[in-house]
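Work through the exercises below with the sequence and the structure at hand. Each task is followed by a solution in steps.

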Amino acid sequence: MTKAQKMPSKGAQMPHGAPAGTSGKPKRDMGALWRVFKRLFRYYPVLAPLTTACILFASVVSAIPSVFMQKVLESIDRWYQSGDWAAAKAEILPSVAILVGLYLLSIAAITVHTQLMAYMTQGYLDKMRREMFDGMQNLPIKYFDTHKHGDIMSFYTNDIDTLRQLVSQSFPAFIQSGAIVLCVLAIMLYYSLWLTLVVLFGVVLMILVTKKIGGGSAKYFIRQQAAVAKTEGFVQEMMSGQKVVKVFCHEEKAQQDFDALNESLCHDSTHAHAYASILGPIIGNLGNVLYVLIALVGGVLLLSSVPSLSLSGKAFSIAIMVPFLNMAKQFTGNVNQLSQQINSIVMASAGASRIFSLVDEKPETDDGYVTLVNAKIAPDGTVTESAEHTGHWAWKHPHSDGTVSYTELRGDVRLTGVDFGYEPGKEVLHDVSVFAEPGQKVAFVGATGAGKTTITNLINRFYDIADGKIRYDGINVNKIKKADLRRSLGLVLQDTNLFTGTVLENIRYGRLEASDEECRAAAALAGADDFITRLPQGYDTMLENNGANLSQGQRQLISIARAAVADPPVMILDEATSSIDTRTEAIVQRGMDQLMQGRTVFVIAHRLSTVRNSDVIMVLDHGRIIERGSHEKLIAEKGVYYQLYTGAFELE
């Protein structure tokens, strides 16, 4: 297999490059709607059919009063003709009693369906959000490097809300109106074919109008979905970068950019709702015209000798005419109600399409089978697995013959002939070889974009290499489960990420089972204990908004303490002290020196003073290692590193 064939799939982006849209432009996707309802009935195999049955029952009950009205009118007509009130009462009272009973049952059915629908809707959204978040946790880093975070957030806010409207409102209304339309149509056919044809003519006209106006509405509602996601993404970016906006006095430019996005959203929303708002009145007035037309045709039928065409076999009379007018009104009203659901359904289809694009995103693959376990090391070097934390680790390697071998985790990391590119045909690393023996400190220096961070991303398997080998204690990293591989690596980044919670909880994030004492010891090791104890609540001080109430240096110290409590055998320090002042750096460096003792450490730094004591320093340029050796050796060679160190030219 060629290198080109083994490159990452097309569409991968350089991290921090121009991101693609999360799922592209929203579109109508009836398949996505089908999946929504499949999940609803799968999550609630008993309640969903029961709710549907209650809706159908209530719909049928609301459609049949005209039948009872026709019977009552006939009884009244016979009473008027014969004067026999007893006979008329004997016919009317049972019909009224049945109708009242059905209405009472309908009220019970409506109560049950509304309560069940509220329960199922919130439960459905809960399960969908869980499925989305759980799936997102399994996505590769590349996905987050190539998609706008604000657009991803829109999945959990705007798009999920369209499903709420669909399940809780549009779905019941669509079933109810559809059932009433079908029932009323059947009753109308039973009583008069001529008047039913008039009604159908009006319905065809309504459908044509709905298609014309509803199509325009759907187009703009879909565009509105995309505009909302873009606007939310922009607002989130501005909130995160507010300090940068203010320091460069770009408030006006930010406002102009927001105004452009907001105007686009306003334009699409205005057109969408303008179409949607005009559709209801037009359909309603067409229904009124149809009502008058039916009255005229019915009057002609009453006065003429046109044969009655009906399944009932009864002659057309005023007893049929009056309820028929009510049925026509009910029929057109529910057709109007169906047309009003189009907008919600279109929005839900666009939202569902975006949501399922996240759910269907290919998760990070992991074919590893070698795991990391606690180990006991016997005096003779024999390695055995331990159920308790011993301070020693081993790679548990099952073999095809059923045997299991254990390899002590020593921190021997070797990259041999590694090539890598974020995009096919655009390699950023070329034939890179790195040999880090246990306990060694290996430093990478070079200009931005030289490939320093990329190397550490490959060790973590955030990305997979195109060619070459990466071995960890002699084991190909592809054979090691990613979670176990990453558990053996401590990572401290230049950009700190603190989570909402106490200082102690943020430190414990490195190892959730760590005790309070272990967390405090890690903070002391990192040099963070001094400032933490001077906080208002000490280790119990709440941190919010990425620790905005702390200085950048303090946040970095907590990040280093978090890595320390994990007690990993291998550390990766990516510009770990770049945000710390010189005085704080000296404190941190002492803690880091203790933390690095006996560990394999990879250091990325622009401050060359921080890498002087490294065992090996590697100078990268455009993805190639051009120099390697100790500080003294590289200074003596008077090459690129010498020029960088003496200031002959800058890293950038």
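**Exercise 1: The six-stranded sheet**

Asp574 stands opposite Ile604 in E14. The model is predicted: local features need pLDDT of at least 70, side-chain atom pairs count only at pLDDT 80 or more, and totals for chains, interfaces and linings use all residues. Residues are numbered from 1 along each chain as its sequence is written, and side-chain values use heavy atoms, with hydrogens and water left out.

Task: find the sheet that holds E14, and state its strand order and its edges.

Solution.
- Step 1. Strands (E, at least two residues) and helices (H or I, at least four) are DSSP runs, numbered from the N terminus. Two strands pair if DSSP finds at least two bridges between them.
- Step 2. E13 and E14 are joined by five bridges in the parallel sense. Strand E10 (residues 489–492) also pairs with E13 in the parallel sense, over four bridges, and there Val492 stands opposite Leu573 in E13.
- Step 3. Strand E7 (residues 441–446) runs parallel to strand E15 (residues 616–621), with five bridges between them. Phe444 has Met618 in E15 as its bridge partner.
- Step 4. The order of this open sheet of six strands is E10-E13-E14-E7-E15-E16, and the pairing is mixed.
- Step 5. E10 and strand E16 (624–629) each have a single partner strand, so they stand at the edges with one side lacking a neighbour in the sheet. From one strand to the next, the twist averages 15°. Axes here are lines fitted to C-alpha atoms, for helices over the stretch in contact, and angles run from 0 to 180 degrees between N-to-C directions.

**Exercise 2: The surroundings of E13**

Task: decide which faces of strand E13 (residues 570–574) are covered, and which helix lies across E13.

Solution.
- Step 1. Buried means under 20% relative accessible area, exposed over 50%, and partly exposed in between (1.4 Å probe, protein chains only).
- Step 2. In E13, five of its five residues are buried.
- Step 3. In a regular strand the side chains alternate between the two faces of the sheet. In E13, Val570, Ile572 and Asp574 are buried on one side, and Met571 and Leu573 are buried on the other, so both faces are covered.
- Step 4. Helix H16 lies across E10 and E13 and runs at about 180° to E10.
- Step 5. H16 is largely enclosed by the rest of the structure, because 12 of its 15 residues are buried. Among them are Leu557, Ile558, Ile560 and Val565.
- Step 6. H16 (residues 552–566) should span 21 Å at 1.5 Å a residue, and its end C-alpha atoms are 22 Å apart, which agrees. The expected span is 1.5 Å times one less than the number of residues. Asp567 follows H16 and has a positive phi, near 50°.

**Exercise 3: One residue in E14**

Task: is Thr600 buried or exposed, and what does its side chain reach?

Solution.
- Step 1. Thr600 is found in strand E14 (residues 600–604).
- Step 2. Its relative accessible area is 0%, so Thr600 is buried.
- Step 3. The Thr600 side chain reaches the backbone oxygen of Gly411 at 2.5 Å.
- Step 4. Contact means heavy atoms within 4.5 Å. Beyond its neighbours within four places in sequence, Thr600 has contacts that include Arg410, Gly411, Glu437, Pro569 and Met571.

**Exercise 4: The antiparallel strands**

Task: describe the sheet with antiparallel pairing, then the hairpin of E5 and E6.

Solution.
- Step 1. Four strands form an open sheet in the order E2-E1-E3-E4. Strand E2 (383–385) and strand E4 (404–408) stand at its edges, each with a single partner strand. Neighbouring strands are turned by 50° against each other on average, direction ignored.
- Step 2. Strand E3 (residues 393–398) is joined to E4 by five bridges, and Lys396 stands opposite Tyr406 in E4.
- Step 3. Strand E5 (residues 413–423) pairs with strand E6 (residues 426–436) over seven bridges in the antiparallel sense. Leu415 stands opposite Val434 in E6.
- Step 4. The hairpin has two residues between the strands, and Gly425 takes a positive phi near 80°.

Technical notes. A polar contact is a pair of N or O atoms within 3.5 Å; within protein, one must be able to donate a hydrogen and the other to accept it, and residues adjacent in sequence count only if both atoms are side-chain atoms.
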